Amino acid sequence: MPTAYPLPTNLSPATVANTASLIRIVALALISGAAIASRLFAVINFESIIHEFDPWFNYRATRVLASKGFYEFWNWFDPTAWYPLGRVVGGTLYPGLMATSGVIYNLLHAINLPVDIRNICVLLAPGFSALTAWATYMFTKEMKDASAGLLAAAFIGIVPGYISRSVAGSYDNEAIAIFLLMITFYCWIKALKQGSALFGTVAAVFYFYMVAAWGGYAFITNMIPLHALVLILMGRFSSRLYVAYSSWYAIGTLASMQVPFVGFQPVKTSEHMAALGVFGLLQIVAFAQLVRSHVSSHQFQKLLATGVISIGILGAMAFVLLTYKGWIAPWTGRFYSLWDTGYAKKYIPIIASVSEHQPTAWPSFFMDLQFLVFLFPAGVILCFRELRDEHLFVIIYAVVASYFAGVMVRLMLTLTPVVCVASAVALSTLLDTFVDPTEPEVVDDTRSESGASTISAPGTNGAAPSPTTPATTSKKAKKAAAAAAEHPTTLSDILASSSTKTAKPKGIYGLDTRIMVVLNTICMLAFFVSHCTWVTSSAYSSPSVVLASSNPDGSQHIIDDFREAYYWLRQNTPEDAVVMSWWDYGYQIAGMADRPTLVDNNTWNNTHIATVGKAMSSSEEVAYPILRKHDVSYILVIFGGLIGYSGDDINKFLWMVRIAQGVWPDEVQEPSFFTPQGEYKVDDNASPAMRNSLMYKMSYYRFVDLFGGAQAMDRVRQQQVPKVGPTLDYLDEAFTSENWIVRIYEVKKEDSLGRDLKSANAFAQGKKRKRSKPTTRRRAIL
Amino acid sequence: MVYLRSLLFLIAGFATGLNAKSSTGDSVLVIVEPKQQDNYSLFLNGLKKQGYDLTFRAPKAEAPVVIEYDDPTFAHVILLASENKVFAKDITPQSLVELLGKKTNLIIALSPKQTPLSSLAAEFSLTLPPPGTPLISYFPKREGPPSVIPVSVPATHSILSENLHPVWFSGVPHSLGNNPLLVPILRAPAESFAAETDGGSPDALVDAAERGGEGLWAGSQLGLVTGFQTLDGSRVTWVGGAAIFSDEYATKEVSKGVPSGNLQFARDVAKWTFQESNVLRIDRTTHNLVNSTKSLEQYTTNDQIVYSAYISKYDSKTSTWAPYSGIKDLQLEFTMLDPHIRTALLPVPGVPGKYSAAFRAPDRHGVFKFLINYKRKGLTSLQSSTTVAVVPPRHDGYPRFLSAAWPYYTGAISTSVAFFLFSAMWLAGDSHEKRAKGHKAE
């Protein structure tokens, strides 16, 4: 048996195994280190700060948990959110993330490490990304082998698609959810492989953790039943499947119902019905198997036919009836929007208005996954070649997640793990093939057909180069061929069969081919690493609370307007002053300014949000009663026109209009905010509704003065603002941040003389009162 | 000893007699032309005797300013210079409104002439006739010009003393807008009307009447002396003519042997304007659960809540606040966006000044406000808002072991028992089964 390069022969298998496992451990440790380190860009470039929007709420909730204990947290009613409705926080959130941080916090304090809760929150996501890498390693190991596992771990450790949600400071549910997703899937695969009730239970426990941590648990709730269903339909029902699924479903469902926010949803909503249905189906199938083993096949045929049909009809009817009666909630809007991307925009603008609910743009696939995009299909196809139960899982996962990732940007996150797994399988198969030193035997053309399949053998395990002697390799190869699908068949098969139709021995000849391919692969990996590092540092590490720009000389310039404004609110306003803003900033105001807000990122009450939308999009006179009714003291708007910050409120304004229109179609109309030509403009051509709207006025109030007579330019919309700026009668400018990003207005009290504020203002400015003709009020005199 | 004590009482009484009676301060600025100052001596000396600290200032004098460093210098201002067209820099309609915002009370006299003050009146929903058209009336038949009119005073009025004699009035009437903050004090006689007196053309009046859409300024709907209480609680009294305060009218007889009520009327008006009479306040409010005294920050839905308010009235005779139980129509609202509960807040018998209401919190969680919003003409408006959260029950606050849930309990217990029995039988029957299986295999 010729080899492409010499192999050491004096090594005992024990040494090889030990070394391999040592290398694995070291590699995993390094991968974890890399995963954590690459997520620290945010801390190093900026500071240890909580990012974005939702994390601010999680952080605030965690502080409550850490300071007041779990029971107080559970019963926490937040009177400052959704003023004046309040929010029953304990019952409307997934407490997993906060509980995790709380446990870590208490542990560290128990061993006298007085770590600040903020630092725990900031560093939780990087820490869990290391665990994710490990879970992915375990999962992929079940798919192929340890070498593929290591590759998958390395991929998931640094792939931008996952980093985008787990940089330091991105303290969100997804930070721990992906780890839980992978570990649950791993336990499920393990339970399925071994038919183990123990692993089924472990999967259920992690499933419970997942339910407690992220609303995306519904993905698991439907993935596992789908897998089980496909297995049943393929005739792969086995007692292993029965044991694994039943133990997972029974324990997992009961456990998940303990989360207050979930409650009875697992037995009441449509999203959870698939899991229940498959559970029922499994019982029927298992029962059928039992019956079959006891009765003759002819009788069984009859039984099966009648039984299946009647039960199927009964079940479907029961489901329809229950849905009709309202005992099972119909599908939610978020669910429909997964199938029809235009649905949300039409019926639930509040969902469509979130940027991460938009369909994914193609470039972002490459941005988030780079060369894994190409490897991913190859890995999925390789799964087909062997098609064990767990490979089916990966295939289903890949198909489902690809679809969802195309529909919603944020679901890229669920796609990323399977991309890493499949790509790792593909890449490790490629490496196995090309690193494997076995040279194909040169055989006669006539015998080549049989020879090829014997010779094309993969490496025995991931530790390359394969230390086994050629003899054992070929023996193993034979075994593999005989066992049919104990080891994955290799790329070389495909290569060989596609490149040459003539029957030649398949395999790789010579060192040069190998080196070329391996070098190529290493280059791709190197590019991947550099791409990931670049994307992480430049795109995904911005806290979005603090912005960075660069000075002309290249040095970094920090734009800290948000915190400046929030701290102004915190220090200059009464503690119970209600702040109105668009809902994006609700969590930040609550977290940083500690003031009550009308709406926040927990968008549970569409009407309340529409109320804010209406106030923002109507004229001052219309908005003022709304503001007074809700006790609003301050209004906060984000305005990017001065420095070109494009995520400002004017750009979000149409969503406010749309959401308000959904509730008050007679009072707010979207078309009236466009010019007659149908353009969205803020310059001289802006429509009257636009120019009278509170949002427009607050954004551009005194903006023209800034230019001292020169033409004022909105740098976001690249339009020239009218020379005469808007005036405000019902509001007072209270604060404008350094770069004008945040502007805060104070709502005036009613005029003490009972006039409307417009005429009061005119009087205070010394304008002559216009005598309007009042209606005659003459009454009969008694 | 007795003598000494009575002396002490005398001093004390003297002292209280000299003490200012206003609840907001005793410094008064009188803006009047120095020449006319003596015309109002009876009224002004009366104020002085009451204990007010009067400062006089000519309309064009620069000092003392009314607002210095954003602080009002005086607690009350009387503007008797009604005919002046030009005032010092710091006395403008805007600064007068600003004064009101700073809790200063004003008495403003108008005149038939067009002055800055007559344009200010429009801000208070008072519509004046065009310049040069004072109120005239030819009834009752009397000596003297028709523009000097005896006006009978309502017998019972919350501001005025009872059964006042008619008062002499000369000046300009105003029609009242529909501003709820206006407090009419003196109305014009039904036979009176505004008209040009010194040979002017009536066209201006007709034009103005048409423009205003109010018809002519005539009849008893017109106001002559009108109070105005701002939302901040400060009070203004608009007087159609400064002469109503004058010594001449105070001493002029209405009819034979009947003295005019001017002096008492002026005193009553000043009393009301300077926050001596009809002044109420909420001392404190409390809320707690029934059968408890501790005030909670948040209540649970369906709790029984007691809310109490303690209200005092200012007693100008003793310059003290005394508990006041005289309000019969006080209401309490428990509000979240809309009032969820509106109930009468009744005086508690036996506890002076305490008003209390007990009610069940709505079955709705949220941030609620206990609201008192009591606005009556002439009285200080009472406003109080206390925010509390109404929260759902705690996780262990729900009732346990409901009788209605027995089907579920039975289900759970029977399943547990059945499972236990099944396991026991399974385990006990194990060896037998195995043997049977073994037989089969063999």
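This report walks through chain A as a whole and then a few residues of chains A and B, all in a predicted model.

**Chain A overall**

Let us start with the broad picture. Chain A has 34 helices and 10 strands. Of its 782 residues, 51% count as buried. Among the chain A contacts with a separation of 6 or more, 72% are between residues 24 or more positions apart. The accessible surface of chain A is about 34,600 Å², and carbon and sulfur atoms hold 62% of that area.

**Four residues at a glance**

The table lists relative accessible areas for residues discussed below.

| Residue | Relative accessible area | Class |
|---|---|---|
| Asn58(A) | 4% | buried |
| Ser111(B) | 4% | buried |
| Leu106(B) | 1% | buried |
| Met425(B) | 61% | exposed |

**Two buried polar side chains**

Asn58(A) sits in helix α3 of chain A, which covers residues 54-68. With a relative accessible area of 4%, Asn58(A) falls under the 20% cut-off and therefore counts as buried. A polar atom of its side chain lies 2.9 Å from the backbone oxygen of Tyr171(A). Tyr171(A) also appears among the contacts of Asn58(A) beyond four places in sequence, together with Leu97(A), Met98(A), Asp172(A) and Asn173(A).

Over in chain B, Ser111(B) belongs to the loop between β6 (105-109) and α4 (116-121). What does its side chain reach at 3.1 Å? The partner is the backbone oxygen of Ser82(B). Setting aside neighbours within four places in sequence, Ser111(B) is in contact with Ser82(B), Glu83(B), Val172(B) and Gly240(B).

**A buried leucine in strand β6**

Leu106(B) is part of strand β6 of chain B, and its relative accessible area is 1%. Not counting residues up to four places away in sequence, Leu106(B) touches several leucines, namely Leu96(B), Leu99(B) and Leu100(B), as well as Val77(B), Arg235(B), Val236(B), Thr237(B) and Thr273(B). One of these partners is worth a look in your viewer: Arg235(B) is 129 residues from Leu106(B) in sequence, yet their C-alpha atoms are 6.5 Å apart.

**An exposed methionine and its patch**

Finally, turn to helix α8 of chain B (residues 406-428), where Met425(B) is found. Its relative accessible area of 61% is over the 50% cut-off, so Met425(B) counts as exposed. Met425(B) helps to make a nonpolar surface patch of about 680 Å², along with Trp406(B), Ile413(B), Val417(B), Phe420(B) and Leu421(B).

Terms used:
Residues numbered from 1 in each chain as written. Chains lettered and ligands numbered in written order. Predicted model: local features only at pLDDT ≥ 70, side-chain atom pairs only at ≥ 80, totals over all residues. Heavy atoms only, no water. Helix = DSSP H or I, 4+ residues; strand = E, 2+ residues; numbered from the N terminus. Buried < 20%, exposed > 50% of the residue type's maximum accessible area, 1.4 Å probe, protein only. Polar contact = N/O pair within 3.5 Å; in protein donor to acceptor, adjacent residues only side chain to side chain. Contact = heavy atoms within 4.5 Å. Patch = residues over 30% accessible without salt bridge, like charges linked within 9 Å, V, L, I, M, F, W, Y side chains within 5 Å. Areas by Shrake-Rupley, 256 points an atom, 1.4 Å probe, with all protein chains shown as cover. Salt bridge = Lys/Arg side-chain N within 4 Å of Asp/Glu carboxyl O.
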